[in-house]
Amino acid sequence: MSEHLSFGLAYGSAALFVLLRLEQAALVIGLLLLFALLAAVMTLTRRLDWYKLGAGTTPTLSTR
């Protein structure tokens, strides 16, 4: 688990470094990184039952 976190931080730092170095394409690269982050969050949470989470019960993954 810690090695995944280390690689994630390394990739994030590298992406920010590239973003800061490329002034002309900073908006496009930032937009693509934000889209990739949003897609990853949506993929990771797609089977989480948000209604049970809001009701105060323990959330479970749906079987659909």
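What does the protein average in pLDDT, and what share of the residues score at least 70? In this predicted model, the protein averages a pLDDT (the predictor's confidence in each residue, from 0 to 100) of 82, and 84% of the residues score at least 70. Local features need pLDDT of at least 70, side-chain atom pairs count only at pLDDT 80 or more, and totals for chains, interfaces and linings use all residues. Residues are numbered from 1 along each chain as its sequence is written, and side-chain values use heavy atoms, with hydrogens and water left out.

**The whole chain.** Begin with the protein in a ribbon view, where the elements run α-α-α from the N terminus on, with 3 helices and 0 strands (DSSP runs, H or I of at least four residues for helices and E of at least two for strands, numbered from the N terminus). If you colour by confidence, helix α2 (residues 26-44) has the highest mean, at 89, whereas helix α3 (residues 50-54) has the lowest, at 80.

Switch to a surface next: the protein exposes about 6,000 Å² (Shrake-Rupley method with a 1.4 Å probe; for residues, only the protein chains shown count as cover), and carbon and sulfur atoms supply 72% of this area. Of the 64 residues, 3% count as buried (under 20% relative accessible area, against over 50% for exposed and in between for partly exposed, with a 1.4 Å probe and protein chains only).

**Leu19 and Ala15.** Select Leu19, in helix α1, which counts as buried because its relative accessibility is 18%. Leu19 touches Ala26, Ile29 and Gly30 (heavy atoms within 4.5 Å), leaving aside residues up to four places away in sequence. The C-alpha atoms of Leu19 and Ile29 are separated by 6.5 Å, with the two residues 10 apart along the chain.

Move then to Ala15, also placed in helix α1, which at 21% relative accessibility counts as partly exposed; its C-alpha atom and that of Gly30, 15 residues apart along the chain, are separated by 9.0 Å.

**The nonpolar patch.** Finish with Val18, found in helix α1 (residues 2-21) and partly exposed, with a relative accessible area of 38%. Add Phe17 and Leu22 to the selection, since with Val18 they form a nonpolar patch on the surface, with about 280 Å² of accessible area together. Patches are made of residues with over 30% relative accessible area and no salt bridge, joining like charges within 9 Å and nonpolar side chains (Val, Leu, Ile, Met, Phe, Trp, Tyr) within 5 Å; a salt bridge is a side-chain nitrogen of Lys or Arg within 4 Å of a carboxyl oxygen of Asp or Glu.
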